[in-house]
Amino acid sequence: MITRLTPIREALRTYLEALSSSLRPPEVGEAAVPEEALGCVLAEDVVAPVDLPAFSRAVMDGYAVRAADTFGAKPDKPAKLKLVGRVLAGQAPKEISAIKIGPGECVEIATGAMLPEGADAVVRAEHARVIGEVVEIYVPVSPGSSVDEAGRDVKAGEVVLERGQLLRVPDVALLLALGIRSVRVFARPRVGVLAVGSELVDAREEPGPGQVRDVDRPMLMLLIRELGAEPVDLGIVPDDLEAIRERLEEGLATCDAIMTCGGASVGQRDLAVKAVEGLEGAHIIVHRVSMRPGRPVALALVRGKPVLCLPGPPAACLLAFMVFVRPVLLKLMGVRDDLVPVWPTVRARLAGRVPSRVGFTDLVRVRLALAPDGSLLAEPLALRGAGLLSSLAHANGVVLVPEELDLLAEGEEADVLLFSSPELARRTGG
């Protein structure tokens, strides 16, 4: 019997909708800043406790002035101000408070230094000249010129980061600048990874006759950790229905989600999906998608927890992770539904034709190169098998050929979904 293959977008939409209706809110804890916060998802809004900057400061070396005293200044008729002091970055506020700028006066000031009382602007050093105790100003400035006013960046009481937001390096830097040393975050989901196959041995062991090293399981664990979740190694299980079910139950008892690799197709020895179906409270939402490679993907819920069965061939496994697992993990991590992930993508010109099959979304591995004119080229790799690891190692990303097309022509521009950031492109030609 021919079963319908579900298009990628329909499969992902259907599964995420089912997951949303059964998903339990993640647990909440504290994360130290900066040690633990990166890659966590905020469980509550962050409100600024102080102004940033905390005081008005110079953004250029020069002279703190009353802007009105510089009006009309020009190279042949400079404004002349009396130099009454000097202010350095980090200087004690008590010392600075003793300096007051009156009409016709100025103070030498360093970048980052607190603006002394009476000043409302800074004249850049290159627009002035010191002659004894007098500073000649050759360019007029307006109030606020070359000054970061207190609270210009962030006002105390302002929401600076929102609940459901994934913390990046700039976000952690902002928390540090505001003096925030811990934040409330959702617990990182524990994601169990189970390899299925009697032929598999641990990748660190020497395989015997007819055996192969298990690459999928460590690869998936690295991808899970890179995204910000916590991988849990459930090991390798042979092609035995009861053994797979038993290991799945063990994983469901301690993990928030399970991923299997291998045994997801429809052959007699492909038992992963059958094992999931036999679990109490299991619902297979999607099985088999119109994607090449990666057709034998199954997306299930077991007692409200996601269980995703990925194909065993390494290339198909990685690409299925990119398409289906990443959005699911972000949801488990607590990322808000209105925040849509945008994965690193570049626009490149195809260096060869890409034939495809109508009715399937083809994920074509490509290698990037930098042409002499500075444009990016995407070279389709000849090796496209689902199990060919070298095709992943030699590629920088994939081009998705829509299911309604049978060809992308050489010279056509296409979006390349990158494997990582940065990807390194070779220079070509001159």
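Two strands pair if DSSP finds at least two bridges between them. The exercises below use a predicted model.

**Exercise 1. Strand β27 and its partners**

Find which strands pair with β27, and state whether β27 is enclosed or open to the outside.

Solution.
Step 1. Take strand β25, residues 361-370. Between β25 and β27 there are 5 bridges, and the sense is antiparallel. With at least two bridges required, β25 and β27 count as a pair.
Step 2. Pick out a facing pair: Asp362 is opposite Val401 in β27.
Step 3. Turn to strand β29, residues 413-418, which is joined to β27 by 3 bridges and is also antiparallel to β27. Here Val399 faces Val416 in β29.
Step 4. Check burial. Strand β27 covers residues 397-401, and 4 of its 5 residues are buried, so the strand is largely enclosed by the rest of the structure.

**Exercise 2. A sheet with two helices on it**

Give the strand order of the open sheet that contains β17 and β19, name its edges, and describe the helices that pack on the sheet.

Solution.
Step 1. The sheet has 6 strands in the order β17-β14-β18-β22-β21-β19, and the pairing is mixed.
Step 2. An edge strand pairs on one side only; here the edges are β17 (230-237) and β19 (282-287).
Step 3. On average, neighbouring strands are turned by 20 degrees against each other, direction ignored.
Step 4. Look at one pair inside the sheet. Strand β21 (residues 298-302) and strand β22 (residues 305-310) share 5 bridges and are antiparallel. In this pair, Leu299 is opposite Leu308 in β22.
Step 5. Add helix α5, residues 241-254, which packs on the sheet and touches β14, β17, β18, β21 and β22. The direction of α5 makes about 165 degrees with that of β17.
Step 6. Add helix α7, residues 314-333, which packs on the sheet as well and touches β14, β18, β21 and β22. The direction of α7 makes about 175 degrees with that of β22.

**Exercise 3. A lysine in helix α7**

Is Lys331 buried or exposed, and which residues is Lys331 in contact with?

Solution.
Step 1. Locate the residue: Lys331 belongs to helix α7.
Step 2. Apply the cut-off. Buried means under 20% relative accessible area. Lys331 has 14%, so Lys331 is buried.
Step 3. List the contacts, leaving aside neighbours within four places in sequence: Leu16, Leu19, Ser20, Leu23 and Asp337.

**Exercise 4. The buried face of helix α3**

Which residues of helix α3 are buried, and how are they arranged around the axis?

Solution.
Step 1. In α3 (residues 169-177), the buried residues include Asp171, Val172 and Leu175.
Step 2. Viewed down the axis of α3, the buried residues fall within an arc of 100 degrees, so they line one face of the helix.
Step 3. Among the elements that cover these buried residues are β3 (46-47), β12 (159-161) and β13 (182-186).
Step 4. Look just past the helix: Gly179 has a positive phi of about 80 degrees.

**Exercise 5. A second open sheet**

Give the strand order of the open sheet that contains β8 and β9, and describe the hairpin formed by β9 and β10.

Solution.
Step 1. The order of the 6 strands is β8-β5-β7-β6-β10-β9, with mixed pairing.
Step 2. The edges are β8 (121-124) and β9 (128-131), each pairing on one side only.
Step 3. From one strand to the next, the twist averages 40 degrees.
Step 4. A parallel pair is found in β6 (residues 79-87) and β7 (residues 105-109), with 4 bridges. Leu83 is opposite Cys106 in β7.
Step 5. An antiparallel pair is found in β9 and β10 (residues 134-137), joined by 4 bridges. Val130 is opposite Val135 in β10.
Step 6. The hairpin of β9 and β10 has 2 residues between the strands, and Gly132 in the turn has a positive phi of about 65 degrees.

**Exercise 6. Charges and rings**

Which arginine lies over the face of Trp343, and which has its charged end over the ring of Phe360?

Solution.
Step 1. Arg326 lies over the face of Trp343, 3.8 Å from the ring centre.
Step 2. Arg292 has its charged end over the ring of Phe360, at 5.7 Å from the centre.
Step 3. For pairs of aromatic rings, the count in the structure is 0.

Key. Residues are numbered from 1 along each chain as its sequence is written. This is a predicted model: local features need pLDDT of at least 70, side-chain atom pairs count only at pLDDT 80 or more; totals for chains, interfaces and linings use all residues. Side-chain values use heavy atoms; hydrogens and water are left out. Axes are lines fitted to C-alpha atoms, for helices over the stretch in contact, and angles run from 0 to 180 degrees between N-to-C directions. Contact means heavy atoms within 4.5 Å. Buried means under 20% relative accessible area, exposed over 50%, partly exposed in between (1.4 Å probe, protein chains only). Rings of Phe, Tyr and Trp (its six-membered ring) pair if their centres lie within 6.5 Å; planes under 30 degrees apart count as stacked, over 60 as edge-to-face and the rest as tilted. A charge sits over a ring if NZ of Lys or CZ of Arg is within 6 Å of the ring centre and within 35 degrees of the ring normal. The arc is that of the directions from the helix axis to the C-beta atoms.
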